[in-house]
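The following exercises ask for a careful reading of a structural model, each with a solution worked step by step. Please look through the sequence and the coordinates before starting.

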Amino acid sequence: MDHGGHGMTMDLPPFTLARGLEFGGDPFFLVGCVLALALYGWGAARLWRRGDAWPVGRLVSFVLGVLTIVVSMCTKLNDYGMVMFSVHMVQHMIISMVSPILLLLGAPVTLALRALPAAGRGHKGPRELLVALLHSRYVRVITHPAFTIPLFIASLYALYFTPLFDFLMESKAGHIAMMVHFLAVGLVFFWPIMGVDPGPHRPGYVMRMLELFAGMPFHAFFGIALMMASEPMVGAYQHPPASLGIDALSDQTWAGGIAWAFSEIPSVIVLVALVHQWYKSEQRQARRIDRTADRDGDQELAAYNRYLASLQSRGH
């Protein structure tokens, strides 16, 4: 028996972590993950071959980010996620928050800009197209907090509490589109906040923290709404297969708890990354000031001392 008419079997055995982590799932994401790792590896190897540095930490972060997508979408979690709201919520939270954070810390855009060869004069190659995209009005709009925060919130409430979710779950293409959307929303939300790559919006670190806290609590509210509901709220999960041995309402309660808990985990990760970036930024600023002072004999400090001396002489 199929779920939604696209090959998801409904006679799955009761869920266990071992069964969920068995290899399987969607080939679309498997191909995408392999391609992402291959391109990133090519870029890093190209830099290393010509003697340029590329931090191993960024490589590790990007690989971990891709692996979280593999775990979410290329295992039996994907099959169970079609019939269990709680498992689907694990997929959603990982691919919309954990995966984007790790991918962004890998700085793939910066790597591409450094690894791609420049086209000849009068020509536009991949590098030039990427630079044009980064400076385009489109990117300025989709990375602006006025766009990213409402989108981040609407991806929860407008999806799960309307018939749109059930419609997307009816087809394989709809399910893939929904998961790609979750990943894309996570990337554009976290990129201006803690992304390493260059972008059109780079507010101060305090403003970035405010942007983070403006969006994340809505995940907690969403989770609480699911946990407090007295009946199943999502049609696709109202009648779980008997072979799973679960109750739809209790499974929804678990889904709500997962959404609530995951709203805290990424916040901590992002805050740690922001504090680290802030610290490194202050160190770079201090080094620039020291270099300037070495070049000009610390004229700025001398001028300030003269100013204080003039004030003192006026006082006498």
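A contact, here and below, means heavy atoms within 4.5 Å. This is a predicted model, in which local features need a pLDDT of at least 70 and side-chain atom pairs count only at pLDDT 80 or more, while totals for chains, interfaces and linings use all residues. Residues are numbered from 1 along each chain as its sequence is written, and side-chain values use heavy atoms, with hydrogens and water left out.

**Exercise 1. Establish where the model is confident and where it is not.**

Step 1. The score to consult is pLDDT, the predictor's confidence in each residue, from 0 to 100; its mean over the protein is 84, and 85% of the residues reach 70 or more.

Step 2. Divide the chain into elements, taking helices (H or I, at least four residues) and strands (E, at least two) as DSSP runs numbered from the N terminus; the protein then has 16 helices and 2 strands. Confidence is lowest in strand β1 (residues 2-3), with a mean of 46, and highest in helix α3 (residues 56-73), with 95.

Step 3. Residues 1-9 have pLDDT under 50 throughout, and the model gives them 23 contacts beyond four places in sequence. Where pLDDT is low, the predicted coordinates should not be read in detail.

**Exercise 2. Describe the nonpolar interior, starting from Tyr 160.**

Step 1. Residues are classed as buried (under 20% relative accessible area), exposed (over 50%) or partly exposed (in between), using a 1.4 Å probe and protein chains only; buried residues make up 41% of the 316 residues.

Step 2. A nonpolar core is a set of buried Ala, Val, Leu, Ile, Met, Phe, Trp, Tyr and Cys residues joined through side-chain atoms within 4.5 Å. The largest such core has 63 residues, of which Met 89, Tyr 160 and Phe 190 touch the most other members.

Step 3. Leaving aside residues up to four places away in sequence, the contacts of Tyr 160 include Phe 85, Met 89, Phe 165, Phe 182, Phe 222, Met 233 and Val 234, and also His 88, His 92 and Ser 155.

Step 4. A second core, separate from this one, has 7 residues, among them Leu 12, Tyr 80, Met 84 and Leu 244.

**Exercise 3. Which residues form the 2 salt bridges of the structure, and how accessible are the partners?**

Step 1. The criterion is a side-chain nitrogen of Lys or Arg within 4 Å of a carboxyl oxygen of Asp or Glu.

Step 2. Arg 50 pairs with Asp 52, with 2.6 Å between the closest N and O atoms; Arg 50 is partly exposed at 44% relative accessible area, and Asp 52 is likewise partly exposed, at 28%.

Step 3. Lys 76 pairs with Asp 79 at 3.5 Å, N to O; here Lys 76 is partly exposed at 27%, whereas Asp 79 counts as buried at 15%.

**Exercise 4. Locate the largest pocket and the largest cavity, and identify their linings.**

Step 1. On a 1 Å grid over the protein atoms alone, a cavity is a set of points where a 1.4 Å probe fits but cannot get out, and a pocket is an open set with protein on both sides within 12 Å along at least five of seven lines, lining residues having an atom within 4 Å of a point. Grid points are joined across faces, edges and corners, and a volume is the space filled by probe spheres set on the points.

Step 2. The largest pocket holds about 1000 Å³; 34 residues line it, and those closest to its centre are Phe 62, Leu 103, Pro 108, Val 109 and Leu 187. Helix α2 contributes the most to this lining, with 10 residues.

Step 3. There is 1 cavity of 30 Å³ or more, and the largest has a volume of about 50 Å³. Its lining consists of His 92, Ser 96, Phe 152, Ser 155, Leu 156, Phe 182, Val 185 and His 219, with α9 giving the most, 3 residues.

**Exercise 5. Characterise the backbone and burial of Ala 107.**

Step 1. Ala 107 sits in the loop between α5 and α6, and its phi is positive, about 50 degrees, although the residue is not a glycine.

Step 2. With a relative accessible area of 0%, Ala 107 is buried.
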